[in-house]
Every structure is written in C-alpha cells, then in structure tokens.
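Trainee: Hey, I've got a new structure open and no idea where to begin. Can you walk me through it?

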Amino acid sequence: MKLFDSAFIKEISKHHPGMVSHFDDLHCRFKKALEGKSNPNFYVVPWETGLGKSTFIKSFLAEWKSEGFENGGSVLIALNTKAEIKEFAAGCGLEVQDYSVYTSDEKLNGLGRGSNNSPDARVLFTTHKMIRERLRKKKFNSAEEFYYKGQPRTLRIWDEAAVQAEPITIRLDDVVKLVGPVRPRYPEWIAGIEAFVAEARASEAGSVALVPTKFGTGKQFVYHEKAPPALSSEQQRIAKTLKAAAGCRLLVIDSGRYGKILVGAGAALPADLAPMFIFDASARVRDTYKLWGEKDGNVEILPPATRNFEGLTVNIWQAGCGIEVLEDANARSRLLRGVAKAIDAIPGQKSLVIGYKSRDLFDIERELLEGIAIPKDLRFRHWGRHYGTNEFADIQNLFVMGGFPQSQASYQASYLAASGIDISGSKGTEWLDFRRSELKHNLLQAVSRGNVRNGVDGGCGRCVVHLVMPANYNPDTLVRETFPGCTVEVWEPFGTVLKGQAKRVFDELQRIAETGEVETIAKAKVCATVEIATAARFGQVLATRGLGAALLAIGISQNNKHFVFNSPGPVSLGRMDNVVPICGLGATTDLSSFLSKAA
C-alpha cells in the first residue's frame, strides 16, 4: 500500500506542512502493524489537538478499505467513551459488514455486523473500560472476544490518554458507609470489612495494607440490579472500588482531616497488548509515559507534533478556586464577581467557561449567569469533560477556573499507577512533581477546546484565556511550560492591596531587583531577612492575594525554592481593573506605593 493520497492529506498539508513527515512515518508504522511486523512496544503519538489525529486514523481505514484491505490484518480501536463510537465509525468509510462494536451497551453493539459476528469484522470498536475489564485477569492474546478469525487483531489503536494501570483510592471513612445497608443480608462479609478497616486505621502512614481477595469474589449483591439491598450510587462506587482493589497491596496515607486513605494501582494492562498506538495530545507535558517506559522499557514516544502558541494570551488571576473556596458563599461570590466583570468587558462575543460541576452547595453556571450585567452567548463545560470534543472550536474567549486539582492521595495513586513501582518502594512524596505534569495536562486539554486548535502552519488560532489559579501552583511558569510562545498577563479584577508581611516581602524583593546583582535568590534567605518565623508561615504569606501578580509585574517569578529575577517572556498588568495600567514596568519601578493605594 502506497502512502495514501486522500483529499484530507492534501488539504491538511496546506495548513500544516510540517505534519507531512508525521503522516508518512505513522502510515508506515500502521502498515507494518497490519502485517504483524511491529516491535512489541506501546507507541505514544504526541500530536496536539487540531493537527489531524482522528481524521488521520479515519482516512487510513478508508484508504485500506478502498484497496480491498490489502496485506490482510485487522484493527482494534479503543475509544474513551461509548458516545464517541457511532460518529467515529461513520467517518471511516466502512460498510456494515466491515466492522463490529463491543461494549456493555447492547443497542450500540448492534451496529455493523453486530457483536456476535465480531470475529468476522475487519475492524472492532470498543472502549478503554471494556479492554481493562476483559484483560483484568488474562493476557490479550487469550482474549478471544477481541479476535479476528481466530487470531489477535494486529493493528491496535488507543484514542486519548492511557495509563499502565488504574489508580485506586480508598478512603476508609467511605468504606464504612457500606455497613448499614449490607449487614442484615451479608453479616460475614461486613465483618470482614470492619476488620479490614480497623486494621488499616491502626496502621502507620507509609505502611502497606493488603486488600482481601474475597472483596472481589463471591458476593455480587452490588452489581445485580434486582438483588437487595439497594445501594446508592456512591455506595456502589465504593463497593466497585473495593472489588477492583481485591488482592492489591495499597499504601496507607494519613490525609489529616479526611483520615486514613489507601492508595495504589489495580491490574496493569498486559504487556502483550503491544504493539499498540496511543494517541495522547497531552503526551508532551505529562510524565505518565516516561514513568511507564522507565519501568518496562517497552514505551516508545514518537516525534511530537507541537504548536507555537504566539496567538494565545493567558490572563492570570492568582486566587483560590477549588471546592473549598466554592463551598464558601463569600469566597465564591467574590470569585464569580471577578469572572463576571471580565466577561462583561467583552460584550457580543461567545465565551466558554470551564469549572466545577454544580453541587449541593453551589451552581456555578446559574450564579455566573445571574452576575453578568450584559447577556451574551455563554457556554459551560465542567472538569472531567474538558477533553475529546470539538464543539467549542470556534470560541476565542475562555474562562478557566483552576486546573482540576486532585487530592494528595489521588495524585499519589495516579503516580503509582503510571510508574508501576513496587508499593513498598514509594516515598509517599512523589505526587508533588506528578501533580504539576497533570495540571499542565488538564490546562492544555481545557484551553484546546477553543480556537487554539485552529491554527495553521504550526501556529495556534487566536485565543484569550482568563485563568484563575492559586499562587502556590506557580501559574506563570506552569502556563509558559504548557503553551510555549504564549503571552502572559496579570489579571486582577479588584486591584491589589499589600500590607504587613506581604508588603515587607515585596519591598525586599524589589530592593534586590534594583541592585541587578543576582538572578535568583533562595526563598529561605528572603524569609530570614524579612524575619518571618517559619517556612510554613512564609508559604502562607506568598499565597497572599495579589502578591504573586505584583512580583510578576516587576519581572520576578518563583519556583519551589527560589525567586527568579527578570524572568523571560511578555508579562504585563494589562488586566488589572480599577487601577492605572502599568504594562511594561521595569524592575526599578517603585510599585509598592502604587499598590498601597489601589482599591
């Protein structure tokens, strides 16, 4: 089969000439896989959004079909959700007899040849979840449900992100929620639950807890709709997590206010699932595949197809916007008033808001709409659904609240699942670096829902993002690493007032900047100079609203241990409402007196 000459390739190559070599390389790799000649690796395809990933796969299948499925072979395509399958299958140029669908949805399974006839279909569509469930206790080569004519399928494609194993997080206080409704019918099973919880609670942080295998077998009351007792959706989630964790060794973490939590990884994808091609637009910024490859050595990251983000402007408001902030009525009101002000400043333009899904204590969509003075076309997407859609690709104004941060326990579990390290070798602190890569992943995916994805010739489409993120995440550096070439501006909806210790820190750093003698200075040294008693208190001072923005305005950024002077890249205070614009201030500008007067 020659390099296919589809209309898509001709058209996209006009806009992205740099992609031609990527198309050629991947076409050759797909061809070898169809023929069963690929090395047994997990090939990560790091093409960023809007560069033709989905259309490439569809076009390849269409060309393969048009040439009579030349060279034989068969295809398995795993998509993230069932909802994606019908549309994806329709775009591949396949006829009914060419494909089947294998999911938990019987109606969906009726597409194509039907799931009962999948062994005779050249192409089989399924979901990530189905593959994990079916391969939990067996190898891919023995999973006949994925076979084509009695043999494992040769070309295997995983669309969107993949992790080596599923992360497991079990909060012991949640487990006991099963006791009341289940005890009357299954007293022995509950006795085992209580004994397990008691032992885990008595364990020291850093120790290892073994989840009994009986939690994963025998009692199927949770999974049978007609079997009593009836459990709430939350209780079913807890029971299913226990089932997935059965037989696993988990790390004990003391989370403080939430008590003891067990973290670890479930069953890993079998090594013989390779060769498989994993298309992840976030692969450039995530540590997932590097960690996976370091352990098993069978992960190959292909040449990245990246963008220059010169057309992107990110306005950063350094403020808290997590669940705890949103559940505080006063803090939430201030946050949403600030976002509403920025939305009102761009009347007549469509905007997309990405934030948390509504809960009992707050409804971001309703409250924000009520706070906007000028009605406009406003769309919403909540965290967890911030990827895998082109629905908002024409929107040039995005308002992103946070970076979908998780708890320490969740990050530690995700790290263990990605790295595959032995649980006893964990230090319990690896989550810090891993968190940063996951924040970049979420930020890249969220912003890529908008017009950014529509750039040409390696650039990005024009897009303006208003980002709310706490100062302790170092959002300035985070944004620059995620979007190379973008413009970063400070956004302060209500102006800034620095007082007390925060003002002392600012004044000292400004004094050092004026000398021009150093490029960096340790935070510990500044802490001692301004006579703040402890590192913990110094961290609280650095999180003071407006301090980070004020430092950025005079060219001072920060990382975990240092302040960095005259950091590169365009930074301004062009989005500070209610104050005089001070874009382009140099390091010698006396900003402290100005800030003390800001409303």
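Mentor: Sure, let's start with a term: a pocket here is an open set of grid points with protein on both sides within 12 Å along at least five of seven lines, and its lining residues have an atom within 4 Å of a point. Keep in mind that this is a predicted model.

Trainee: Okay, so which residues lie nearest the centre of the second largest pocket?

Mentor: Those are S54, E160, G388, T389 and N390, out of 34 lining residues. The space in that pocket comes to about 910 Å³.

Trainee: And which helix gives the largest share of the lining?

Mentor: That's α3, with four residues. Helices α1 (7-15), α3 (53-66) and α4 (85-90) each supply at least two.

Trainee: What's the lining like by class?

Mentor: You get 14 polar, 11 charged and nine nonpolar residues.

Trainee: Switching topic: where does R449 lie?

Mentor: Look in the loop between α16 (431-447) and β18 (463-469).

Trainee: Is R449 buried or exposed?

Mentor: R449 counts as buried because its relative accessible area is 2%, and the cut-off for buried is under 20%.

Trainee: What is it in contact with, leaving aside neighbours within four places in sequence?

Mentor: R449 is in contact with T49, L352, H386, Y387, G388, T389, F392 and A393. Take Y387: it sits 62 residues from R449 in sequence, yet their C-alpha atoms are 7.0 Å apart in space.

Trainee: And what does the side chain of R449 reach at 2.8 Å?

Mentor: The backbone oxygen of Q445.

Terms used:
Residues are numbered from 1 along each chain as its sequence is written. This is a predicted model: local features need pLDDT of at least 70, side-chain atom pairs count only at pLDDT 80 or more; totals for chains, interfaces and linings use all residues. Side-chain values use heavy atoms; hydrogens and water are left out. On a 1 Å grid over the protein atoms alone, a cavity is a set of points where a 1.4 Å probe fits but cannot get out, and a pocket is an open set with protein on both sides within 12 Å along at least five of seven lines; lining residues have an atom within 4 Å of a point. Grid points are joined across faces, edges and corners, and a volume is the space filled by probe spheres set on the points. Ala, Val, Leu, Ile, Met, Phe, Trp, Tyr, Cys and Pro count as nonpolar, Asp, Glu, Lys and Arg as charged, and the others, Gly among them, as polar. Buried means under 20% relative accessible area, exposed over 50%, partly exposed in between (1.4 Å probe, protein chains only). Contact means heavy atoms within 4.5 Å. A polar contact is a pair of N or O atoms within 3.5 Å; within protein, one must be able to donate a hydrogen and the other to accept it, and residues adjacent in sequence count only if both atoms are side-chain atoms.
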